[in-house]
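Reader: Hi! I'd like a close look at one part of this model, and then a sense of what surrounds that part in its chain. Could you walk me through it?

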Amino acid sequence: MTVLAIVLGLLAVWLVFTFNKLVGLKNQVLNAFRQIDVQLKRRHDLIPNLVNSVKGEMKFEKETLENVIQARAAAVNAGQGGNMNEVLAKEGMLTQALGKLFALTENYPNLKSIEVVRTLMEELRTTENQIGFSRQFYNDIVTRFNIQQQVFPTNMFAAMLGFQPATLWELPADSVERNVPKVDLTV
Amino acid sequence: MNIYEQQTSNKRTTMALLGAFFLLFLALGAGFDYFYLSFDPVGAQPTYVMNAQGYYEAANTSPQLVPYGTIAALLFGAIMVLNSVFNGAGMVLRSTMARRAVSADPAEQQFLNVVREMSLAAGLPAPAAYVVPDPDVNAFATGFSPENSVIAVTEGLLRTLDREELQAVVAHEMSHIRNYDMRVMTVAAALMGAIALVSDFAGRSMRYGGRGGGRSSGGGRGKGGGPLVLLLFAVWILLVIFAPLFSRMLAMAISRQREFLADASAAELTRNPMGLVSALEKIRAAVNPTRAINNGVAHMCITDPRGSLIEEKSGFAADLLATHPPMEKRILALKMMAYQKAPAGA
């Protein structure tokens, strides 16, 4: 009689531990699923603003460069025209435009479009990587949860304790995202 | 073997090595207590001596049940562990003159991004990211729990590796944290210290006390016990002499297993074993030792900072005493994970 009581007691203790472990895993699965949403929202909020700021910087630089080019063209034309006053006036404007460009490069020595675009690309890459790794972790933890439910002594009790296998994140079979993206670099 | 099988096999080997380590320690400690401190749980036969009233009385009836020597050595080991736990990370960072990674530098911003990505993949809080001002290529991780852990890379590594390889190296360091390798190696170091202590004491006792007074009560035991006890004593003396060497070999074997485990875990995090292969090949090509990192944290680095020449040799001594496995074996294991090399006997 006491042996039976001991055996039942041990079984009850084991059930408690198993239940707690499965509860922990179930909550980690839910958390991991929501973490994907966290990354998606970050991408949604960050990327448009980042792209706009990059475009703004490129435009600023582009306008200054355009002013320099126009001033230089005007100065060349004036020089071909031969009128000394006009030549001096146009050269003066060119000097002013160049001065603005030098001030720009002195204040922002890294302000080349290519640097800014490089930073933007790094941000885009890390955002997509973070989304990808969140999905990977979600699948990893779902796998661990499902394994815990399906190993031998536990699988007899899992359904009784109220646990169902979780679903892995996947792309639907006919999803457009499965296609190879087309890379077209023509301007 | 794929990424999961390698991890299981490495964890099993580590447990076996730790078990052997602990048994060695117990053998030393128990022998010391038995031969020198009269620890005798089996209970010697009591000797009968004539007392004042004129009849025989059993003397020496209470056997020593507490192995004082073993317990003292264990306490010493525990103190070493606690010191490591509380002061470890700070000491290491200060000694390497590491500084925190800043967002202003694009290379360090990329490093911060990669650390965040790997912590997402591992499901752990992001460790603090530090940069060591050394032109050599190396990286290490330290920390007892994922909540307060640290990953540090050298400036040379940031300059030499591209993003994919940096991700693989950071994943390797993250795996050290994830697998609680600092705890394993600290336990191994504490056991090494405890064994060294017992070994040292045994040496002193032999020199100053002969075989010790605790043995005199053994004269009352059965007649056949004599040669057996002498044999045990001889074996124990051999253990004492070789214990420091054995314990070092065991600790280094554990360190090498954890390195393999970290490689396999890194491949599981990035799902890209070839990234780590190309990172290791670049690291191997840069042979210079990392002067900033000292021996205390050598076993936590991705490659031996004392100079990778010891990894190129594959002689007997190099195999047993290296903190890191040879690069060739690591690259081979990673290629097996990437299904680019057939496992032996396939």
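Author: Happy to. Glu281(B) sits in helix α8 of chain B, which covers residues 273–285. Is Glu281(B) buried or exposed? Glu281(B) has 12 C-beta neighbours inside 10 Å, and since 12 or fewer counts as exposed, it falls in the exposed class. Keep in mind that this is a predicted model. As a long-range reference point, take Tyr4(B): 277 residues separate it from Glu281(B) in sequence, and the C-alpha to C-alpha distance between the two is 24 Å.

Now for the chain around that helix. Chain B contains 11 helices and 6 strands. Of its 346 residues, 41% are buried. Looking at contacts in chain B with a separation of 6 or more, 73% join residues 24 or more positions apart.

The buried side of the picture starts with the largest nonpolar core, which has 61 residues. Met118(B), Tyr130(B), Ala152(B), Val169(B) and Val170(B) have the most contacts inside that core. Ala152(B) is a good one to zoom in on: leaving out residues up to four places away in sequence, it touches Thr96(B), Ala98(B), Tyr130(B), Val131(B), Val132(B), Ala139(B) and Phe140(B). Another core, of 28 residues, lies apart from this one, and its members include Leu191(B), Val198(B), Ala202(B) and Leu250(B). As background, nonpolar side chains tend to be buried together in soluble globular proteins.

Next, a helix pair. In chain B, helix α1 (residues 3–36) packs against helix α2 (residues 68–96) at an angle of about 140°, and their axes are 7 Å apart. The two helices are therefore oblique to each other. On the α1(B) side the contact is made by Gly29(B), Ala30(B), Phe32(B) and Asp33(B), while α2(B) brings in Tyr68(B), Gly69(B), Thr70(B) and Ala73(B). By class, the residues of this contact are 4 nonpolar, 3 polar and 1 charged.

Finally, the neighbouring chain. Chain B uses 8 residues to contact 10 residues of chain A. The chain B side of that contact has 3 nonpolar, 3 polar and 2 charged residues. For the partner itself, the mean pLDDT of chain A is 82, and 91% of the residues score at least 70. Among the elements of chain A, the lowest mean pLDDT, 71, belongs to helix α2 (residues 84–107), and the highest, 88, to helix α4 (residues 152–155).

Technical notes. Residues numbered from 1 in each chain as written. Chains lettered and ligands numbered in written order. Predicted model: local features only at pLDDT ≥ 70, side-chain atom pairs only at ≥ 80, totals over all residues. Contact = placed C-beta atoms within 7 Å. Nonpolar A, V, L, I, M, F, W, Y, C, P; charged D, E, K, R; others polar. Axes fitted to C-alpha atoms, helices over the stretch in contact; angles between N-to-C directions. Helix = DSSP H or I, 4+ residues; strand = E, 2+ residues; numbered from the N terminus. Parallel < 35°, antiparallel > 145°, perpendicular 65-115°, else oblique. pLDDT = per-residue confidence, 0-100. Core = buried A, V, L, I, M, F, W, Y, C linked by C-beta atoms within 7 Å. Buried ≥ 20, exposed ≤ 12 C-beta atoms within 10 Å, placed from the backbone.
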